[in-house]
Amino acid sequence: MEGNQRSNFVTSHSLITHPLRKAKKKTRIRYYVTLEYFVSQCPGVAEYANARLSQYQAMLVEEDNTIAVTDKNRDSIIHSVVNDSLRPWMWKYRFWLMCDIALIVADKSTIEKVQEDMQRYLNKRQQAVLGVLVSNLFTDETIPQRLLFAEGLIHQFRLNRRFTAQQELRILITANMSAGKSTLINALIGKQVARTSQEACTANLHFYLNKPFEDGSVHLRATQLNLSSTYKDLMNPRKIGSGNIASHFRSFVHSDPPSRICLIDTPGVNSATNREHGILTRKALIEEQYDKLIYVLNANQLGTDEEIRYLKYISEKVPRNKVVFVLNKLDDFKSADDSITTSIEGVKNDLLHLGYEDPIVYPISAYFSLLIKMKQNNEFLTEDEQDEYDYYVKKFSRVEYDLSVYLNTFTVPSQATEDEQLALAVRCGLYGLENILYGGSDR
Ligand SMILES: Nc1nc2c(ncn2[C@@H]2O[C@H](COP(=O)(O)OP(=O)(O)OP(=O)(O)O)[C@@H](O)[C@H]2O)c(=O)[nH]1
Ligand SMILES: [Mg+2]
């Protein structure tokens, strides 16, 4: 996916509070027909615009209720929505319509072209006010009083615009099998979007992209575009292939606008039965573009030959300042048998031997991190997940499991005293990692 197509793929768009929901059925149908007409007139309207139109269609038109549009009646239908002299109280519709078109096509010159098309139906004074709306979409100034009735849609457009104007921060995640790469991706996103398993699991590259705000939908671009993919779709490797998945990332580190991020999940490199996994990931390390690489170490399997070999490979192939080392699964440690300090020091020692100067190792529990975010967002937890969550809350309240003490890269946010989930995110290592990845002072 390139350019515009990629930007459209990561835009958020919520129709839940759309003003037309309250309109009469006949009006909704006419509105949809008009929307479809203007969008279809745009050059290069692609799969994305059509997928969005289907969502509008689902909201506005009941299945058995479409009007046959002909060259004869089209103009009068458009007129009735854009400027109906018999129903002057409907003047707001053309503004909502313009916002909807802008949200779908996004591109400035295309929006201006639609504006020109629409002006044919308006007098000079009406044209001027429409112009105020269009220019308002492209600023961040206070919305004028007379356009406040379209505030929700204008706001969505502006958020998308500011979000997509940013450069994408690309982060590739790599490790041996089952270190918790996909779980860490779920933790960073705060949702179960990547498939995880105790067995060799991720078999392809998967690209997870942030969206500017939560609109409740996960976009999947595999062989086809799907703007409302389900959990079942996402867990089906055949459906995903080497796909792109876009969803709003729930993060403890906020910026305005939220960072435009792409997390690249890769297969584990040491599978003996699936040697192609290692080949694929090594190829991606060379060919993909990324700003940072997260190397995940499984704290339960440290210092194996396979680990040292892969660390050496990374140290030779990837610029050192790009690599962030994460020590995962620390929730599994038992304070009587295992020492977090010794494990971190052991990893640091290996890294020093490979030539990394003063390496930082981020200790974490990716699994608990995910549960924290799910809980924070009132998501359903299974009985097992709820039990594990309760157990980890207790465990991580103990002083020896406060993973934030191993880092001096950030200061604990003051809100953590009142916000239980934020405090837990700090203690389980998630906050420190998010901070260094996309909020930290080194960016
Ligand atoms: N206890 C614990 N288990 C974890 C953690 N992170 C991952 N796991 C478990 O480890 C197993 C492997 O996790 P995945 O996220 O699928 O690992 P992966 O690195 O993506 O594996 P591949 O894609 O096969 O290379 C799963 O059973 C996870 O539930 C963690 O922080 N704590
Ligand atoms: Mg995986």
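Helices and strands are taken here as DSSP runs, numbered from the N terminus; a helix needs at least four residues and a strand at least two. In this predicted model, glycine 190 follows just after helix α9 and takes a positive phi of about 85 degrees.

Helix α9 itself sits inside the fold. 9 of its 9 residues are buried, so α9 is largely enclosed by the rest of the structure. The buried set includes Lys181, Ser182 and Thr183 at one end and Leu188 and Ile189 at the other. Leu184, Ile185, Asn186 and Ala187 are also buried.

The same helix contributes to the surroundings of ligand 1. Among the elements of the shell, α9 provides the largest share, with 3 residues. Both α9 (181-189) and α15 (366-376) supply at least two residues each. In total, 23 residues surround ligand 1. The closest are Gly180, Ser182, Thr196, Thr202 and Gly268. Of these, Ser182 is also among the buried residues of α9. By class, the shell holds 11 polar, 8 nonpolar and 4 charged residues.

Helix α15 also contains glutamine 376. Glutamine 376 has 17 other C-beta atoms within 10 Å and is therefore partly exposed. Its C-alpha lies 30 Å from that of aspartate 140, and the two residues are 236 apart in sequence.

The sheet was examined next. It is open and built from 9 strands, with mixed pairing. The strand order is β4-β3-β5-β2-β6-β1-β7-β8-β9. At the edges stand β4 (225-226) and β9 (361-363), each of which pairs on one side only. Strands of a sheet pair through backbone hydrogen bonds, either parallel or antiparallel.

Three pairings can be followed from β1 to the β9 edge. Strand β1 (residues 169-174) runs parallel to β7, and 4 bridges join them. Within this pair, isoleucine 173 stands opposite isoleucine 294 of β7. Strand β7 is in turn joined to β8 by 6 bridges, and this pair is also parallel. Here valine 296 has valine 326 of β8 as its bridge partner. Strand β8 (residues 323-328) then pairs with β9 in the parallel sense, over 3 bridges. Phenylalanine 325 faces valine 361 of β9 across this pairing. Strand β7 is well covered: 5 of its 7 residues are buried, so it is largely enclosed by the rest of the structure.

Helix α13 packs against this part of the sheet. It spans residues 305-317, 13 residues in all. From its first C-alpha to its last it reaches 18 Å, close to the 18 Å expected at 1.5 Å a residue. Glu307, Tyr310, Leu311 and Ile314 of α13 are buried. These four cover an arc of only 105 degrees around the axis, which puts them on the same side of α13. An α-helix has 3.6 residues a turn, so residues three or four places apart point the same way. On the other side of α13, Asp305, Arg309 and Glu316 are exposed. The buried residues of α13 pack against β7 (292-298), β8 and α14 (340-353).

Several backbone features stand out in the loops. Most residues other than glycine have a negative phi, and most peptide bonds are trans. Lysine 329 departs from the phi pattern, with a positive value near 70 degrees. Lysine 329 lies in the loop between β8 and α14. With 22 other C-beta atoms within 10 Å, against a cut-off of 20 or more, lysine 329 counts as buried.

Alanine 106 also has a positive phi, of about 65 degrees, although it is not a glycine. It is located in the loop between α5 (93-105) and α6 (108-119). Alanine 106 is partly exposed, because 19 other C-beta atoms lie within 10 Å.

The peptide bond between aspartate 256 and proline 257 is cis, with omega about -5 degrees. Proline 257 belongs to the loop between β5 (244-247) and β6 (261-265).

Definitions and conventions: Residues numbered from 1 in each chain as written. Chains lettered and ligands numbered in written order. Predicted model: local features only at pLDDT ≥ 70, side-chain atom pairs only at ≥ 80, totals over all residues. Near = placed C-beta within 6 Å. Nonpolar A, V, L, I, M, F, W, Y, C, P; charged D, E, K, R; others polar. Pairing = 2+ DSSP bridges. Expected span 1.5 Å × (residues − 1). Buried ≥ 20, exposed ≤ 12 C-beta atoms within 10 Å, placed from the backbone. Arc of directions from axis to C-beta. Contact = placed C-beta atoms within 7 Å.
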